[in-house]
Every structure is written in C-alpha cells, then in structure tokens.
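Dear colleague,

I am handing over the structure below, and after it I set out what was found there. Please keep it open while you read.

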Amino acid sequence: MFVKAELLCVAALCCLTNLALATPHIQNWQSASGAKVLFVENHDIPMLDVAVSVPAGSSFDTTEKSGVAGMTHHLLDKGTAGLSEDDISRGMADIGAQFGGSFDQDRASVSLRTLSSAAERDQALNIMARVLQQPAFPDAILTREKVRLISALKEAETQPESIADKAFQKVVYGAHPYALPVSGEVVSVDKITAQDLRDFYAAHYNANRAVVAIMGDVTRVQAEAIAEQLTAHLPVSDGRIALPAVTMQIPAIEQRVAHPASQSHILIGAPGMSRSDPDYFPLYVGNYILGGGGFVSRLMNEVREKRGLAYSVYSYFMPLKQPGAFQIGLQTKKEQADEALKLVRNTLAEFIAQGPTEKELRAARQNLVGGFALRIDSNRKILDYLSIIGFYDLPLTYLDDFTAHVERVTVAQIRDAFARHIHPQAMVTVIVGAPEAKAESAGGENK
Amino acid sequence: MRIYLFFVAMLLASGQHIAQAEVFERTLANGLKVIVKEDHRAPVVVQQIWYRAGSMDERTGKTGIAHVLEHLMFKGTRKVPAGEFSRQIAAAGGRENAFTSYDYTAYFQQLHKSRLPLAMKLEADRMHNLNLSAGEFAKEVRVVMEERRMRTDDQPQALLQEKMMAVAYQEHPYQNPVIGWMSDLESLDVTDAAVWYRQWYAPNNATLVIAGDVKASEVFALAQRHYGGIARRVLQPRRNFTEPAQLGIKRMVVKAPAELPQLVMSYHTPVLQQPEQDWQPYALEILASVLDGNESARLNKHLVREQQVASSVGAGYDSASRGPSLFTLQATPSTGKTVDDAETALRQEIALLIREGVSAEELKRVKAQVMAGEVYKLDSVFYQAMQIGQMESIGLGHKTLPVMLEKLQAVTAEQVREVAQAYLKDDNLTVAVLDPQPLSGKSSHKVEGADHVR
C-alpha cells in the first residue's frame, strides 16, 4: 500500500512541472448561410450540445421599447409556423432533450442538449431549427407573457438586490443602452406589440451575425449539416447595427434608497472593460487578487475573514462588446453598513494605489494556471467557451493561450491597468436598505 | 430540492454502451468508507468528504451549530493556521467549498488530478486536528448571521419556506432551519462547536468520495496513508423521530415586504426505506415529474398557459432522505387572481389525477427524461460524486442508485394515481401563504428562518 502511495506522489510531482493540457481541438468554418461555426468533436458521451447566439441582447432596445429584445428571445419557443408552444415543449420532453437559452445585454442564445442517437437528435434539431427560423410570436401568448413579465418586474422592484442592480446599471451607464434593464420596464413592456417582436427579430436574428457552437457526439459532416439546418432560413439583413460608445468617465455619485430589509445591499462600480480590451488579462488577474478569488481575495479577507462584516463580498469585471461594468458588491446589516463601505473603499483605494504584491500575483497565477483544467472539464463548459470565442471574435487559440497570458501578467501591468480603468474618486455607490437616518434624509435621491 | 437520484444504468433504455467506469469502494480499518468513481475524460479530480451529521442531529436551543461548525472547519488546525487551508487549495489551482443540509455536512475540493494528495492531507488533518478558538468563533458566527439575513430574513420566499417547515413538522427536527434560528445563533458559543466536532467528526461517521481521472487502487492507498491513522470514535446513539400523524389541515400566513403573493401546499409523504421492495416513493417521484418535470407538464400547461390562474408553478418531492419527506406544490397567482384561486386550481389538478390517473404518453415522457438525464449526468464528475455521497450519507448506499433507476422505470400509471389518492389529502396538508406587504410599512420584520454553502 505504502509503496503505491509513494509512487503516486512521485508521479504527481512530475505532472506539476508539466501542466500543459490537451485543449479541445476547435474546428471552425463559415456555413453557406454565413454563420460562424465552432465545433469540437467528442464521442465520449452519446450526447450533443448545440448553441446558437446572435447579437440581439437588451442593448439593442430603446428606452421607449425596453424589453422588446428580451421578449423576442423569450417568445421564440412559444409557437412557430406549424408548431404550438405545447408541441414544442412536448416534442423536446418526449425525447428527453433539454432546451434552454441565455440572454444578456449583448447576446441572445438558444441552446439544446440531446441524446446523439439519430431519432432523438433529429427530432430535437428539427424543433430547434423551426424555433430559431420560423417563430410566430402569437398575439395571445404575447399578451399572457407580458402579464407574467410585468408581475415579475413589479416583484423585483420590491426586492433589495434587484432594486440595487437596476439603480446601479442606470447610474453607471446613463443614456447608454447598457443602462436599460435586461427584461425591460413595467411601462415599456406593457406597450410591446407582436409587430415589435417581428421587426426586432428580422433586424437582429441574421445568419451572417449568428454563431453556432457544436460540441459532442457528431461528425464534422453532421456538424456542417446541423449548422446549415439551424441558420439557412434566418432572416437576411445587411443593416449595420452600432451601439453608441460608453462614457468611461463618470461623476462620483452615491445613491441611498430606503428599504425595510435587515441588510444594506451595497454596490460600487463604474464602466470597466470590454471583451477586446488589451488590458483584459492584467485586469482579470488583478481582479482575482482584489475580489474575484473566492476565499483568498483581499476584499474577502478584510471584510469577512478579519471582521465578520458580510457573508459575501466580491468584485468583478463584466466583459462585454463595449466596456461592461466593474462592480464590487456586498450585503451587511444596516447598523454596520457605513463601516463596511468605508473598509471596502479603503481596500480598493489601496489596491489601486499600490497594486498587488509579488506574492499575491504568484498565488493568483498558481490558481489560474493550475486550475485551468477545471475550466474545460465538461462538454457544457467547452460549449460555452465556443460560443464566447465565436461571439466576441476571440482567437481560436484562446484556450491554448490562456495560461501563457496569465503567466505573463506582471505586478506593474496590473497596477497600471487598474490605475487607467478604475478611479475610486469617480465611482457609483448604490446602497439599498441604507441606514435609516441617512436614507430618509437622502430620500433615495442622488447626492 | 428535487434531484433525480440514480446511477449509470442507462443501458436499460438504449442499446448504446457508454464508456462508464465502475464504482469502487473500500472501508479503512478506522471505519472510513472510501468510494472511487473513475472518469478519465479530463485530468481533474474532486474530493468530497461527507459527515453523517446535519441539522437534524442538533438539540433544542442549539440549532445552526452543524452549519457554524462547517464554517469553522476553515479556521485552522494545530498544523495549518487559519485561512491557510483555502490558500493552499487556491495555490494548487483548486476550487473548494462546503455545504450543510438537514441530513449531512460535506466538504469538497476540485483540482488537477496531480493535487489530490494535497487535498487529502489537508482534509484529513481537519478531520481530527481542528483548532477552535473563542475569537474565531465570535467572528464567524457574525458571518453566519449575515448569511441568515441575506438568504432568509430578507427573502420572502425563503421565509415562507422556513415557517412552513416549522408548522408542517410537529416533532421532527426538520422543523428547524439548517442555518438555525437567530436567537440560537446569538447564544451559541465555542464550546457548542467543540462538542459538535468531537461528537460527529470521526472517520467512522464519514464517507470519502473521490471522482475523476484517478485509479481506484492508488486512491485507496492514498486514503489509507492520509486518513488511515485517524482513530475511530464511539458514536453516540442517534435519536430517532417518528413524526406524529397530522390529524387535519394546517393553514398559515407569512407577511413580508413583497409584491406577489405565494402559495405552498405541502403533504407528508413517505421516503425510501427498502429500495428493492418499496414502490410508493418511486411513484411519487414520477408524479412530481408528471406535474412539473418539463414545460409541457400538467401544472405549467394547465395553470400557467391555459387557465392563466398562476404566473408560475412548481411541484417537488425527494424520495431519498434520512427523515420524512414532503410532496410540495406551489403557485404564484396571476395578476388579478388570488391565492384562493390558485389553491382551487391546484386542488382541481389533484382531483383530476385521482379521478383519471396519468396517460401512458405522460408516463413514457417522464421516463424518457429520466433516462436521458442519466446520460447527461456523465458530463459532471462533481454531480456523480454528489449522488454517491448523498446516498451514503442518508443510509441507503450508492448501490441503491441503479436499483432506483430500474424501479422508476417500472412505475405504472395506476401506481401514480394510487399515491396521489393516498397522500395528497387534506389531513396530510399544510397550506402556507405569503401575504405581501408594502415596502413603506413598518421597518424590518424581526423574523427567524435550507442548504447552506459556506
């Protein structure tokens, strides 16, 4: 027994020096329809994952029609030419297929997981193809879903976390469409018509802007046919859709909102970085040290480990087409909210002024490089990377190069990148459930 | 929480052969059960250690101690200073956390396979060398109170759930929230933590599950090396609770700041005792899926899509737990509808089930989903390890997983109808309603109130 254990340890040491991993082999082509396709062939499990993404997120909404983008995405699988919503959900359930999707400021996507055996796969893809390319946007269902969404939005307006998120986006982004609530507003959703959805669909769900990610148990030939099947009949549009630029410099604003909750929900932030920012890796690695690295980050250490002031405290950059938000968040009981806020601000200011230590950077590198295998250990995770790489035009070697990029980051780069991107004197602070006296005097207004 | 708990036996349904590895197990001399699931798709491994001690083992006045101790397990040992556990795992590229439930407490790390020895060394060390100081306790219990405020006190639906459990169970400790009542958290001290640790943290009260790109024989050797030297303990006998029969419907209301009302209907139901012989828990699992297993399932189809009496609905049942179970229906009434309307609609669904049963088509659909789920499960090493750990911790054992899968496939439409008739009746029922209050009302409700991740 002991001999074996020793041998394993020796083997383990050898591995350590050579953590270079086999990354998935990504095949890439453009379908005849014009869609960008990324495919990883893998036959370990008899299943198939597919996701189709288009630039049709909430940032393509207008203030008056906020919610149209989300509702368009939501109604895709609620009826097509020839299939009722029940035909669609029953058709998928009958074969154990899982139909899903995601929606954010930039991207609308529809995803499918199915068994790869021919009968199941064909039925699932057939339904998915119709959902993507022949949505009917039935009036009666739109009416019903508007009522449901409006009641959910009203509920969200009573919950401190949602109130804080919404206020934060609004103050950080001002007139830029990233300020719009992802699912819309009560007033604007109420006005949505089926024609709005048809127009939005025709303008944004186009093959030449679509990214098809395919992962799993099919051959290249099959994958080519699938990509074609899912995109060949998407509407054609050559209109260029450009977003206005994000205003990076914002004034310092503190917004305090009264709420009967026992905790204050605190968000601090500003516009951060885009997916294509040349500082992506210095900011990413630096943020791991500041507030992204779970139990070992500076914020966690100061706020939770040393003082027990919060259960959760974090920071992140949301990398989008345009600079997404940099955000620090925490919740703490009202009576200690101001103490916690001060501590977080000091921690941030010190990090910006001095950057991380060499020791912290070494630990961050060890985690991000040593843990790289965990990022690509399932079909699901690989599928998500394919979608991101395709959608944000990242190099196909993104996964191969990831650890090298992390290894190259220096303390000076982090300090420099943070100093240029994050200005502690010009950030937004939103406190929902603010300590009573101050919240009442501020009355939820800016000050 | 509704999880389909089965195992890799999808061969039943399709003729396809999956590259599936066996599950290996061995019990060390000190009583630690070691279970290995090999999966060689990626060079990663997960270590999970499961202690058979959850909130249901707590005593009156000490609720929350299982979960507080879980937090304190990261606060250092004689050899490893506070915070160092997390730092070492992070530096090894690992991810880690822990969770406490009614039935068990578990800790895990996910890492590159080469770092398993480190994870084992650290996990074994804190099984018997934990440092418990009054200072760390005082700080950490404040973190737990913040966790409670965040997850329960300020979350109307969680609050409703907490209070529903307190009413549905008259005697069984499932009446207490896993995170503990606030007044108990305020009175716990480091001695309580030490008592709990000594009582339950022993190799003969634990299951070690390792899954990933490893060889079972090597894992057993490593486990022997790191855990083998820890002495077994005499475990105190556990209290067994038999929840007294409910003798009539219970109704309750929770007021909290919110916009939407909410209705929860919970029925007492049995759980698996003898997996080979039982049939009712399997029929209840199928019933839950017929009602809410997919978008076209009855509750969504009838209540949300057709009648539009609810804006969202749900049904849940868990057949595998140490204590008893509840079959739960829930609904959020649509705009203009009331909780009474929603309750009437849910009762009509139950009546329809009992009168006409379920169709062959519905049954087939649910079973197809179960079998497909068995294949999809192979994409997550972590989840496979979770299933094994849960089944061991609740006392059924992981070998029950394939049995459950077979038995689920054997459930008949008549059995589904029979369990609906037998259990979805008023004498078994607790109805809980969330009564939404305006935000401008009086300031925070001082109120007390599921699974907790560290």
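Chain A has an average pLDDT of 92 (pLDDT is the predictor's confidence in each residue, from 0 to 100), and 93% of its residues score at least 70. This is a predicted model, in which local features need pLDDT of at least 70 and side-chain atom pairs count only at pLDDT 80 or more, while totals for chains, interfaces and linings use all residues. Residues are numbered from 1 along each chain as its sequence is written, chains are lettered from A and ligands numbered from 1 in the order in which they are written, and side-chain values use heavy atoms, with hydrogens and water left out.

Two stretches of chain A call for care. Over residues 1-19 of chain A pLDDT stays under 50, and the model has 20 contacts for them beyond four places in sequence (a contact means heavy atoms within 4.5 Å). Over residues 439-447 of chain A pLDDT also stays under 50, with 17 contacts beyond four places in sequence.

Next comes the sheet of chain A, where helices (H or I, at least four residues) and strands (E, at least two) are DSSP runs numbered from the N terminus. In chain A, 6 strands form an open sheet with mixed pairing, in the order 1-2-6-3-5-4 (two strands pair if DSSP finds at least two bridges between them). Strand 1 (27-30) and strand 4 (98-103) of chain A stand at the edges with a single partner strand each, so one side of each has no neighbour in the sheet. From one strand to the next, the twist averages 15°. Strand 4 of chain A runs antiparallel to strand 5 (residues 108-115) of chain A, and 6 bridges join them; Gln98(A) has Arg113(A), in strand 5 of chain A, as its bridge partner. Helix 4 (residues 118-133) of chain A packs on this sheet, touching strand 3 (47-54), strand 4 and strand 5 of chain A, and its direction makes about 165° with that of strand 5 of chain A (axes are lines fitted to C-alpha atoms, for helices over the stretch in contact, and angles run from 0 to 180 degrees between N-to-C directions).

Turning to chain B, there are 15 helices and 12 strands in this chain. The radius of gyration of chain B, taken over C-alpha atoms, is 23 Å, close to the 22 Å that the globule rule (2.2 Å times the number of residues to the power 0.38) gives for 454 residues, so chain B is as compact as a globular protein of that length. Of the 454 residues of chain B, 63% count as buried (under 20% relative accessible area, with exposed over 50% and partly exposed in between, for a 1.4 Å probe and protein chains only).

In chain B, 5 strands form an open sheet of mixed pairing in the order 7-11-8-10-9. Strand 9 and strand 10 of chain B pair in the antiparallel sense over 6 bridges, and Val313(B) has Ala331(B), in strand 10 of chain B, as its bridge partner.

Which residues of helix 5 of chain B are buried? They are Pro156(B), Leu159(B), Leu160(B), Glu162(B), Met164(B), Met165(B) and Ala168(B), and the buried residues of this helix pack against helix 4 (134-153), strand 7 (250-257), strand 8 (262-269), strand 10 (325-333) and strand 11 (429-437) of chain B.

Finally, Ala360(B) is found in helix 12 (residues 360-376) of chain B and counts as exposed because its relative accessibility is 63%.

With best wishes
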